[in-house]
Amino acid sequence: MKSIVAVIASYAAMFVFLMAAFMGAYLALGVERVFQPDSYEVSTIWMAVAALLSFCGSILGGFICAAISKSKRTCQVFAFLVFFLSLLACIPAMKRNPDAPNVRAGEVANFEALRLEVSPMWFHLITPVIGAAGVLLGARLKLRPNP
């Protein structure tokens, strides 16, 4: 039972952290730095920020999972779940037609811009890996023996 609570609480904490962090980063950078000029293609700076935030959120999730469960195995299962769910979340974005028009003209609402964003295929494929690696690192930080 403790393992299930650890996984659910960790995923919830990751979700809250990532939603707040991504919203803050998006607002701080602004549309013009999140996207390439006149396009819905994400900028290099946004991909770097997104990767960093994802990694930090995953570390937090792994740390919380280890703190609650005190089990390396539970943290490994959690890392797999993060990997699998992140991969599932990427599938709709990977199915988008890359040749579809992605010209951004004028002011666009934030949610509309995020709905139309276009990321490189490789970025979708590394996101689950970043998440799983962060969870394992966070768990290791908490579970390592104190000298």
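**Questions on a predicted all-helix chain**

Trainee: In which helix does Met 23 lie, and is Met 23 buried, partly exposed or exposed?

Mentor: Met 23 lies in helix α1 of what is a predicted model. Its relative accessibility is 45%, and since buried means under 20% and exposed means over 50%, the class that applies to Met 23 is partly exposed.

Trainee: How far apart are the C-alpha atoms of Met 23 and Asn 110?

Mentor: Along the chain, Met 23 and Asn 110 are 87 residues apart, and Met 23 belongs to helix α1. In space, the separation of their C-alpha atoms is 9.8 Å.

Trainee: What pattern does the chain follow when read along the sequence?

Mentor: The chain has six helices and zero strands, and its C-alpha atoms fill a box of roughly 55 × 30 × 25 Å along the principal axes. Read along the sequence, the elements therefore give only helix symbols, as strands number zero. The pattern is α-α-α-α-α-α.

Trainee: Among contacts between residues at least 6 apart in sequence, what percentage joins residues at least 24 apart?

Mentor: The chain has 147 residues, of which 35% count as buried. For contacts in the chain between residues at least 6 apart in sequence, the share that joins residues at least 24 apart is 81%.

Trainee: Why does Ser 69 count as buried, and which residue offers the backbone oxygen that lies 2.8 Å from a polar atom of its side chain?

Mentor: Ser 69 is found in helix α3, which covers residues 44-69, and Ser 69 counts as buried because its relative accessible area is 7%, where the cut-off is under 20%. Beyond residues up to four places away in sequence, Ser 69 touches Lys 2, Ala 6, Thr 74 and Cys 75. The backbone oxygen that lies 2.8 Å from a polar atom of the Ser 69 side chain is that of Cys 65.

Trainee: Which elements give two or more residues to the largest nonpolar core?

Mentor: The largest nonpolar core has 15 residues, and those with the most contacts inside it include Tyr 26, Val 34 and Trp 46. The elements that give two or more residues to this core are α1 and α3.

Trainee: How many residues are in the other core, which lies apart from it?

Mentor: Among the residues of this other core are Ala 6, Cys 65, Phe 78 and Ala 79. Of these, Ala 6 is also touched by Ser 69. The number of residues in this core is 13.

Trainee: Which element gives the most to the lining of the largest pocket?

Mentor: The largest pocket holds about 1200 Å³ of space and is lined by 34 residues, with Met 19, Phe 22, Ser 54, Ala 89 and Thr 127 nearest its centre. The lining divides into 24 nonpolar, eight polar and two charged residues. At least two lining residues come from each of α1, α3, α4, α5 and α6, and the element that gives the most, with nine residues, is α1.

Trainee: With which side chain does the side chain of Gln 76 make a polar contact?

Mentor: Gln 76 is found in helix α4, and with a relative accessible area of 30% Gln 76 is partly exposed. Its C-alpha atom is separated by 9.8 Å from that of Ala 66, ten residues apart along the chain. At 2.9 Å, the polar contact of the Gln 76 side chain is with the side chain of Arg 73.

Conventions: Residues numbered from 1 in each chain as written. Predicted model: local features only at pLDDT ≥ 70, side-chain atom pairs only at ≥ 80, totals over all residues. Heavy atoms only, no water. Helix = DSSP H or I, 4+ residues; strand = E, 2+ residues; numbered from the N terminus. Buried < 20%, exposed > 50% of the residue type's maximum accessible area, 1.4 Å probe, protein only. Polar contact = N/O pair within 3.5 Å; in protein donor to acceptor, adjacent residues only side chain to side chain. Contact = heavy atoms within 4.5 Å. Core = buried A, V, L, I, M, F, W, Y, C linked by side-chain atoms within 4.5 Å. 1 Å grid on protein atoms, 1.4 Å probe; cavity = no way out; pocket = protein on both sides within 12 Å on 5 of 7 lines; lining within 4 Å. Points joined across faces, edges and corners; volume = space filled by probe spheres on them. Nonpolar A, V, L, I, M, F, W, Y, C, P; charged D, E, K, R; others polar.
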